[in-house]
Amino acid sequence: MMTEPTIAAPPQRIVAVGDLHGDFEAWREIALRARLIDGRNRWRGGSTVLVQLGDITDRGPDSLKIIRHLMRLQGQARRSGGRVVVVVGNHEAMNMTDDLRYVHPGEFAAFANAGSDRLRRRVYEANQAAIVAAHRAVAPAMSDAAIRSAWLAANPPGKLEHRAAWSPSGALGRWTIANPAVARIGDNLFVHGGVSVRYAGVRVDEINRLTAAALASRTEAPTAIIHDPFGPLWYRGYATRASDSEARAAAPGQAHPATAYPPPEAELATVLRSTGAKRMVIAHTPNRAGIAISHGGRLALIDTGISRYYGGKLSYLEIVGDRLVPHSWDRGSVGGRRP
């Protein structure tokens, strides 16, 4: 079932949380501080709408734990009149398209079970001829035993289960495909990287349809919406235009927003006018100093490097009507409040 990408009636309270990157303890501390959960990790947010802006995965060991918790909260919140909306981030797309550069070993281990070693042996035996041929093409003198050891080392317990779960038919793949790339909630536009002027004329539901289709097909085309540096999952034009290395790596030959696009103020005005929203809330680019609100409250950058990998502040943005209230604090410093 597709997550509801648009909530027309403005909710009384919205809580937006940025990139978590596998840090469950940070997520739990934020959820407690924001009065979203109780000491037993159950929803206590009432009619609050929680928006998590993607990049739950990679860099930390507890991505699966966070995702399973958010899945449970989605059902609990709806029964209480609230909502939990999870926006697709570029790292979720990377997991779905076999780009595992940033997967923490603990993420594979989280999927391991009593049958993992048996599964690894069975998969190796079923594909042995192709595996041996691939290794010998690189190292002709490599023995069968060495090839087997190398393959097992490259596929630790849980990795095969991880890959199955992130396939389009797997539990995490289906969930990700159903989540929106852009969520419109009242007058607020929530998106992981940002809606660039390139997508200003594209309806929110069409952006979400294109993203879901690209994830389902696991496309590797560099110009596809899930890989496009100007697309909603990767765009950094509102946060920084100082470097084009990431954009060029993601889509060789494409111009970088620093030279191809109008200044952020003009771009933001164009996108908000085209969508009818008052503001955009984005994550994706860490700012360890805390949440940044700019352009007269029309842009909020809420990725504060929450995970231990980045070592930034824990944070959430609270939106009540037109009032934006940023909350940020050092890890573990919440008045000793520990469940």
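Two strands count as a pair when DSSP finds at least two bridges between them. Keep that in mind, everyone, as the hairpins come up again and again this morning. And a caution before the tour: what you have in front of you is a predicted model.

Let me start with the overall picture. The protein has 339 residues, and 53% of them count as buried. Its secondary structure comes to 13 helices and eleven strands. If you take contacts between residues at least 6 apart in sequence, 69% of them join residues at least 24 apart. As for the outside, the accessible surface is about 14,400 Å², with 53% of that belonging to carbon and sulfur atoms.

Now to the hairpin of strand 10 and strand 11. Strand 10 covers residues 314-320, and six of its seven residues are buried, so the strand is largely enclosed by the rest of the structure. Strand 11, residues 323-329, pairs with strand 10 in the antiparallel sense, over seven bridges. If you want a landmark for the register, find Ile 319, which stands opposite Leu 324. Two residues lie between these strands, and in the turn Gly 321 has a positive phi of about 65 degrees.

Strand 10 has another partner, too. Strand 2, residues 14-17, runs antiparallel to strand 10 and is joined to it by three bridges. Here the pair to look for is Val 15 with Glu 318.

What sits against these strands? Part of the answer is helix 1, because strand 2, strand 10 and strand 11 are among the elements that cover its buried residues, along with strand 3 and helix 2. Helix 1 spans residues 24-33, and eight of those ten residues are buried, so this helix is also largely enclosed by the rest of the structure. The buried set is Phe 24, Ala 26, Trp 27, Arg 28, Glu 29, Ile 30, Ala 31 and Leu 32. Do notice that Arg 28 and Glu 29 are in that list.

Let me turn to the other hairpin I wanted to show, strand 5 with strand 6. Strand 5 is residues 182-185 and strand 6 is residues 188-191. They pair antiparallel over four bridges, and Ile 185 faces Asn 188 across the pair. This hairpin also has two residues between its strands, and Gly 186 takes a positive phi near 60 degrees. Which way do the residues of strand 5 point? Val 182 and Arg 184 go one way, Ala 183 and Ile 185 go the other, and all of them are buried.

So far the positive phi values have been in glycines. Let me show you two that are not. As background, most residues other than glycine have a negative phi. In the loop between strand 3 and helix 2 you will find Asp 55, with phi near 55 degrees. That same loop holds Asp 58, whose phi is positive at about 70 degrees. Are these two exposed or buried? Buried counts as under 20% relative accessible area. Asp 55 is at 2%, so it counts as buried, and Asp 58, at 0%, does as well.

Just along the chain we reach the cavity. How many cavities of 30 Å³ or more does a search of the whole structure find? It finds one, with a volume of about 50 Å³. Helix 2, residues 63-79, gives the most to the lining, with three residues. The lining also includes Thr 57, Asn 95, Glu 107, Phe 111, His 162 and Trp 166. By type, the lining divides into six nonpolar residues, four polar and one charged.

Two loop residues to finish. Ser 167 lies between helix 8 and helix 9, and with a relative accessible area of 13% it is buried. Beyond its neighbours within four places in sequence, it contacts Met 96, Gly 173, Arg 174 and Arg 218.

Then there is Thr 219, in the loop between helix 10 and helix 11. Setting aside neighbours within four places, Thr 219 touches Thr 97, Ala 214, Ala 224, Ile 226 and His 227. Its C-alpha atom is 10.0 Å from that of Ala 93, although 126 residues separate the two along the chain.

That's my tour, and thanks for listening. I'm happy to go back to any of these places on the screen.

Technical notes
Residues numbered from 1 in each chain as written. Predicted model: local features only at pLDDT ≥ 70, side-chain atom pairs only at ≥ 80, totals over all residues. Heavy atoms only, no water. 1 Å grid on protein atoms, 1.4 Å probe; cavity = no way out; pocket = protein on both sides within 12 Å on 5 of 7 lines; lining within 4 Å. Points joined across faces, edges and corners; volume = space filled by probe spheres on them. Nonpolar A, V, L, I, M, F, W, Y, C, P; charged D, E, K, R; others polar. Buried < 20%, exposed > 50% of the residue type's maximum accessible area, 1.4 Å probe, protein only. Contact = heavy atoms within 4.5 Å. Areas by Shrake-Rupley, 256 points an atom, 1.4 Å probe, with all protein chains shown as cover.
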